Amino acid sequence: MASKYSKIADRLTPKAIKQLETSERFKQPRMEQIRKIEDIYLGKKKLALITRSNVNFDSVILRGFIDTALSKVDENLSLHFGEVKPKDLLGSKKLNALYQYESGLDRGKWSHIELGGKKLALISGINIKKAYAESSPRFAFQFRNTDHYDFHMEPQGGNNLDKHLYKGEANIFRTKAEIKKAALSEYYDSAQVAKLVSKIKEKDYKRNTDFYRNKVSRFQALGLDIETNEFLGTELFNMVEWVMYAEGEWWYLVFNYETGLWVKIDKLEDCFSVAKQFPGRGPWSMWQTHIDPFLSWTPGFGDDIYPIAYTMYKLVNLMIDNLERQNYNQVAYDPKVFTDPKQLLSRKDGLVRATLQTGQSINNHLYRFELPNTAGITVDLMQYFNSFLGEQTGLTRGAKGVAETDKVGIAYANLEQVADRIGLTNKMYLQSQIETGNAFRYGCIDHLPANYAIQILGAEGRAIDTEVEREELLGEYKITVSG
């Protein structure tokens with residue numbers, strides 16, 4: 001069945017493709033910096049002269065910093081849907097029970113997803129989450145992180161994603177069977193799907209739309225080659241999901257960048273009813289570690305540690321070079337006294353033949369070039385940078401698990417310092433959690449099947465089997481975050 005908005009889709013798809021390309025060019029300088037930070041975290045070996053030391057000490061520093069920071073924010077937060085009016089009390093209980101069930105470790109594993117998102121944010125400065133419900137083949141609420149390399153948004157949109165006139169996600173892979181099934185259910189336009197299937201000839205490979213090879217570089221940092229190891233054995237289509245404001249309306253569009261063919265178009269609020277309450281809101285939300293009202297792509301904690309990690313990398317390798325030169329330094333010799341210079345090379349129980357005249361001293365015919373020992377200076381500098389890092393970020397040695405003092409008061413102050421610094425990030429993170437909660441409630445309203453069974457706590461604290469009706473979720477609820 002053809003979409004009633006087919007002509008609009010034909011007009012909007014070329015614009016969406018141009019928007020995607022604009023976003024890709026705009027954000028690439030920031031992606032290059034994130035890639036450098038990821039390379040250090042993943043331990044990618046740097047290019048260096050064969051005669052120079054090349055120990056990846058910066059990976060130890062940056063990875064230790066990121067993992068320590070992550071350990072301070074690893075507690076899972078919990079959402080609570082509170083009723084605004086007394087008549088919605090039962091609906092509130094059912095909604096909270098539904099949330100606990102869908103987000104649990106045996107189902108949605110939201111806590112794992114949140115932890116991964118925090119790590120991405122610490123490295124890149126931003127975390128994009130995707131939350132939406134589906135009813136086929138059964139009701140499920142999907143919640144996951146979106147790769148910053150795949151996400152696109154309006155360059156001057158700021159930190160409120162709802163206000164971005166376009167945003168979307170590339171590299172969403174669908175199998176041929178999934179594409180055809182979506183067409184049969186009339187979720188995708190069947191005529192457009194037929195065109196797409198006939199146009200794409202290359203099969204069985206998972207190829208990213210990666211203009212600047214960012215995702216390829218991430219795998220290469222670990223010595224992994226995804227370009228020659230893409231075979232999956234099933235036919236895949238690389239799709240783009242897009243939200244855009246055009247012709248006085250918010251639209252939701254799904255298309256294939258390679259062919260320029262769309263397969264779905266609809267008004268945004270008809271796909272996600274949360275957009276009726278929050279115009280422009282699609283399935284994505286984002287939060288920044290370094291809040292800026294006018295910037296979308298902001299620095300992260302990885303940027304804070306990057307220069308110090310790189311400096312420590314240089315210091316350690318220069319110290320190793322210095323020690324090696326002291327152990328294997330150059331020697332000047334008199335060829336008349338030492339006729340075979342190879343004997344001067346260090347070896348176990350080595351004998352050196354010297355031809356000396358009567359009264360000559362061997363010391364006058366052999367000179368070793370001594371270098372100053374810089375180990376002490378290097379250690380002092382590293383201690384300084386380590387202290388400087390703790391003062392600037394709040395992650396002191398005490399916070400990393402090495403006690404600086406046995407005094408409880410100072411240890412508590414260390415924790416407060418960490419909390420104060422991370423507290424700046426926490427405010428936007430909490431807002432993102434609330435947006436996820438709204439996506440969950442409205443997703444349930446859109447897709448929850450009739451008579452969905454759930455358990456709630458009764459007045460005596462015992463679990464009671466009951467059913468959730470969509471109408472019960474339409475009340476007024478205030479979302480609070482605890483943890």
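Here is a short chat about a sheet, a serine and some cavities in a predicted model.

Visitor: Let's start with the open sheet of three strands: what is its order?
Guide: The pairing in this open sheet is antiparallel. Neighbouring strands are turned by 20° against each other on average, ignoring direction. Reading across the three strands, the order is 3-2-9.

Visitor: Which strands stand at the edges of that sheet?
Guide: An edge strand here has a single partner strand, so one of its sides is left without a neighbour in the sheet. That description fits two of them, namely strand 3 (140-146) and strand 9 (284-288).

Visitor: In strand 3, which residue is the bridge partner of Ala133?
Guide: Strand 2 covers residues 126-134 and pairs with strand 3 in the antiparallel sense, over seven bridges. For Ala133, the bridge partner in strand 3 is Phe141.

Visitor: Which helix packs on the sheet?
Guide: The one to look at spans residues 110-124 and touches strand 2, strand 3 and strand 9. Its direction makes about 20° with that of strand 3. That is helix 4.

Visitor: Is Ser285 buried or exposed?
Guide: You'll find Ser285 in strand 9. Leaving aside neighbours within four places in sequence, Ser285 has contacts that include Asn127, Leu161 and Glu435. The cut-off for buried is under 20% relative accessible area. Ser285 comes in at 5%, so the verdict is buried.

Visitor: How many cavities of 30 Å³ or more turn up, and what is the volume of the largest cavity?
Guide: Searching the whole structure at that threshold gives four cavities. As for the largest cavity, its volume is about 60 Å³.

Visitor: Which helix supplies at least two residues of the lining of the largest cavity?
Guide: Ser285 shows up again here, as one of the lining residues, along with others including Lys129, Trp284, Glu435 and Thr436. Strand 2 and strand 9 each supply at least two residues of that lining. The helix that does so too runs over 408-447, and it is helix 12.

Visitor: What about cysteines: is Cys444 buried or exposed?
Guide: Cys271 counts as buried at 16% relative accessibility. For Cys444 the relative accessible area is 0%. With buried meaning under 20%, Cys444 is buried.

Visitor: And how many disulfides does the count come to?
Guide: A disulfide is a covalent bond between the sulfur atoms of two cysteines. The test used asks for a pair of cysteine sulfur atoms within 2.5 Å. By that rule, the number of disulfides is zero.

Terms used: Residues numbered from 1 in each chain as written. Predicted model: local features only at pLDDT ≥ 70, side-chain atom pairs only at ≥ 80, totals over all residues. Heavy atoms only, no water. Pairing = 2+ DSSP bridges. Helix = DSSP H or I, 4+ residues; strand = E, 2+ residues; numbered from the N terminus. Axes fitted to C-alpha atoms, helices over the stretch in contact; angles between N-to-C directions. Contact = heavy atoms within 4.5 Å. Buried < 20%, exposed > 50% of the residue type's maximum accessible area, 1.4 Å probe, protein only. 1 Å grid on protein atoms, 1.4 Å probe; cavity = no way out; pocket = protein on both sides within 12 Å on 5 of 7 lines; lining within 4 Å. Points joined across faces, edges and corners; volume = space filled by probe spheres on them.
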